[in-house]
Amino acid sequence: MTAVRACALSELEQDTPLRVVLDGKPMAVVRDSNDVVHAIGDTCTHGDISLSEGFVEGETLECWAHGSAFSLVTGKPLNLPAFEPVPVYTVTIDGDDVLIDPSATVAA
């Protein structure tokens with residue numbers, strides 16, 4: 001599969017996750033405080049909780065339910081109770097379009 005439009009760059013508020021579903025895969029798309037756009041799997045690996053409802057700080061996204069923080073760069077959990085990583089997807093910006101390939105994950 002190739003990259004598809006996930007949203008408009010102008011739709012992304014800084015440090016506020018946006019939930020999108022591409023090819024049946026829920027993702028949290030985040031524009032961090034450095035204006036870098038990240039896309040990670042939207043489901044916390046500790047529980048079936050949407051990460052896009054969580055809190056962004058720097059390059060991390062914290063699950064609101066149990067407090068596990070995940071790296072937006074690697075998908076790895078940075079603290080317990082989660083211990084499994086979430087997938088990280090490659091993001092391409094084309095003008096105002098945020099493009100993500102839902103079939104390709106970034107190796108951590």
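This report describes the strand layout, two buried polar residues, a strand threonine and the nonpolar cores of a predicted model.

## The six-stranded sheet

The sheet is open and contains six strands, which follow one another in the order β1-β9-β8-β4-β3-β2 and pair in the antiparallel sense. Strands β1 (4-8) and β2 (18-22) stand at the edges, and because each has a single partner strand, one side of each is left without a neighbour in the sheet. When direction is ignored, neighbouring strands of this sheet are turned against each other by 35 degrees on average.

## Strand β9 and its two partners

On one side, strand β9 (residues 97-105) pairs with strand β8 (residues 88-94) through five bridges, and the sense of this pairing is antiparallel. The two strands form a hairpin with two residues between them, and in that turn G95 has a positive phi of about 65 degrees. Among the bridge partners that link the hairpin, D94 is matched with D97 of β9, while Y89 has T105 of β9 as its partner.

Strand β9 is also joined to the edge strand β1, in this case by four bridges, and these two strands likewise run antiparallel. Here the bridge partner of A8 is D97 in β9, so that residue D97, which is also the bridge partner of D94, appears in both pairings because β9 lies between β1 and β8 in the strand order.

## The surroundings of H38

Is H38, a residue of strand β4 (residues 37-41), buried or exposed? With a relative accessibility of 8%, H38 counts as buried, since the cut-off for that class is under 20%. Its side chain makes a polar contact of 2.9 Å with the side chain of D32.

When residues up to four places away in sequence are not counted, H38 touches A28, V29, V30, D32, L72, V73 and V91, so that D32 is found both in this list and in the polar contact. The C-alpha atom of H38 is separated by 10 Å from that of L18, although the two residues stand 20 residues apart along the chain.

## S50 in the loop after β4

S50 is placed in the loop between β4 and β5 (55-57), and at 16% relative accessibility this serine also counts as buried. The side chains of S50 and D42 are joined by a polar contact of 2.7 Å. Neighbours within four places in sequence left aside, the residues in contact with S50 are R19, D42 and W64.

## T60 and the nonpolar cores

T60 belongs to strand β6 (residues 60-62), and its side chain reaches the backbone oxygen of E57 at 2.7 Å. Beyond its neighbours within four places in sequence, T60 is in contact with F55, A69, F70, L72 and L78. Two of these residues, F70 and L72, are listed with I40, C44, L51 and L61 as having the most contacts inside the largest nonpolar core, which has 14 residues.

For L72, again with neighbours within four places in sequence left aside, the contacts are V30, H38, I40, V56, G58, E59, T60, L61 and V88, and this list includes both H38 and T60. Apart from the largest core lies another one, of 13 residues, among them L9, L12, Y89 and V98; Y89 is the residue whose bridge partner in β9 is T105.

Conventions
Residues numbered from 1 in each chain as written. Predicted model: local features only at pLDDT ≥ 70, side-chain atom pairs only at ≥ 80, totals over all residues. Heavy atoms only, no water. Pairing = 2+ DSSP bridges. Axes fitted to C-alpha atoms, helices over the stretch in contact; angles between N-to-C directions. Buried < 20%, exposed > 50% of the residue type's maximum accessible area, 1.4 Å probe, protein only. Contact = heavy atoms within 4.5 Å. Polar contact = N/O pair within 3.5 Å; in protein donor to acceptor, adjacent residues only side chain to side chain. Core = buried A, V, L, I, M, F, W, Y, C linked by side-chain atoms within 4.5 Å.
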